[in-house]
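Biologist: I am new to this one and would love a friendly walk through it. Could you show me the structure so that we can talk it over?

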Amino acid sequence: KLQFVEIPLLLGYERQWGKLRVGLNAGAVLNLYFGAKGAIYSPATAEAIDFGQQGDRDVLPIFERQATAAWYAGLSLAYNLHSRYSVIAEPYFKTYPQALSSGAYDLQQNYWLTGMQLGMRMRL
């Protein structure tokens, strides 16, 4: 299980056609907290081995203590329900340019994520 708490620093551009708004967002996502723990199968012992981060006790320290930052790009599609309220869908792509695994671990793990954020937006 990997846990992230991040702050996005994004630039965006948006255009409106009637009730539909289309936008692009891009920038960096800074990591405030990174946590990793779980278990992996060991072919050598045929048992599960607990893994974690450097500095954790009694685990295989696969991951660094802190992730750095990621690059983010997304396309936002919003439909205006009212002058202040919109339904929004944002497909996105996020990639971490540096490996999240420890340099001492043989396998360097680089992660990228893709997904869809759905929600409501209210203009103040």
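Biologist: Which residue forms a salt bridge with Glu 6?

Modeller: Before I answer, please keep in mind that this is a predicted model. A salt bridge needs a side-chain nitrogen of Lys or Arg within 4 Å of a carboxyl oxygen of Asp or Glu. For Glu 6, the closest N and O atoms of the pair are 2.6 Å apart, and the partner is Lys 94.

Biologist: How many residues apart in sequence are the parts that Glu 6 and Lys 94 tie together?

Modeller: Glu 6 sits in strand β1, which covers residues 2-17, while Lys 94 belongs to strand β7. The salt bridge therefore links parts of the chain whose separation in sequence is 88 residues.

Biologist: Is Lys 94 buried or exposed?

Modeller: Let us start with its partner: Glu 6 has 21% relative accessibility and counts as partly exposed. Buried means under 20% relative accessible area. Lys 94 has a relative accessible area of 12%, so Lys 94 is buried.

Biologist: Which residues are joined into one network by salt bridges that share partners?

Modeller: Look at Glu 14, which forms a salt bridge with Arg 21, with the closest N and O atoms 2.8 Å apart. The side chain of Glu 14 also meets that of Arg 121 in a salt bridge, at 3.2 Å from N to O. Arg 121 lies in strand β8 and Glu 14 in strand β1, so this pair connects parts 107 residues apart in sequence. Through shared partners, the network is made of Glu 14, Arg 21 and Arg 121.

Biologist: Which residue of the pair Arg 21 and Glu 14 counts as buried?

Modeller: Glu 14 has 29% relative accessibility, so Glu 14 counts as partly exposed. At 16% relative accessibility, the buried residue is Arg 21.

Biologist: Which strands are the edge strands of the open sheet?

Modeller: Five strands form this open sheet, with antiparallel pairing, in the order β1-β2-β6-β7-β8. An edge strand pairs on one side only, and that describes β1 and β8.

Biologist: Over how many bridges do β1 and β2 pair?

Modeller: Strand β2 covers residues 20-36, and β1 pairs with β2 in the antiparallel sense. One place to look is Gln 3, which stands opposite Gly 35 in β2. The number of bridges between β1 and β2 is 16.

Biologist: How far apart in space are Val 29 and Val 59?

Modeller: Val 29 lies in strand β2 and is buried, with a relative accessible area of 5%. Leaving aside neighbours within four places in sequence, the contacts of Val 29 include Ile 7, Tyr 72 and Lys 94. Val 59 is 30 residues away from Val 29 in sequence, and their C-alpha to C-alpha distance is 29 Å.

Biologist: Which strands each supply at least two residues of the nonpolar patch?

Modeller: The patch is on the surface, covers about 770 Å², and is made by Tyr 79, Leu 81, Tyr 85, Val 87, Met 120, Met 122 and Leu 124. Tyr 79 lies in strand β6, residues 69-80, and has a relative accessible area of 43%, so Tyr 79 is partly exposed. The strands that each supply at least two residues are β7 (85-95) and β8 (112-122).

Key
Residues numbered from 1 in each chain as written. Predicted model: local features only at pLDDT ≥ 70, side-chain atom pairs only at ≥ 80, totals over all residues. Heavy atoms only, no water. Patch = residues over 30% accessible without salt bridge, like charges linked within 9 Å, V, L, I, M, F, W, Y side chains within 5 Å. Areas by Shrake-Rupley, 256 points an atom, 1.4 Å probe, with all protein chains shown as cover. Helix = DSSP H or I, 4+ residues; strand = E, 2+ residues; numbered from the N terminus. Buried < 20%, exposed > 50% of the residue type's maximum accessible area, 1.4 Å probe, protein only. Pairing = 2+ DSSP bridges. Contact = heavy atoms within 4.5 Å.
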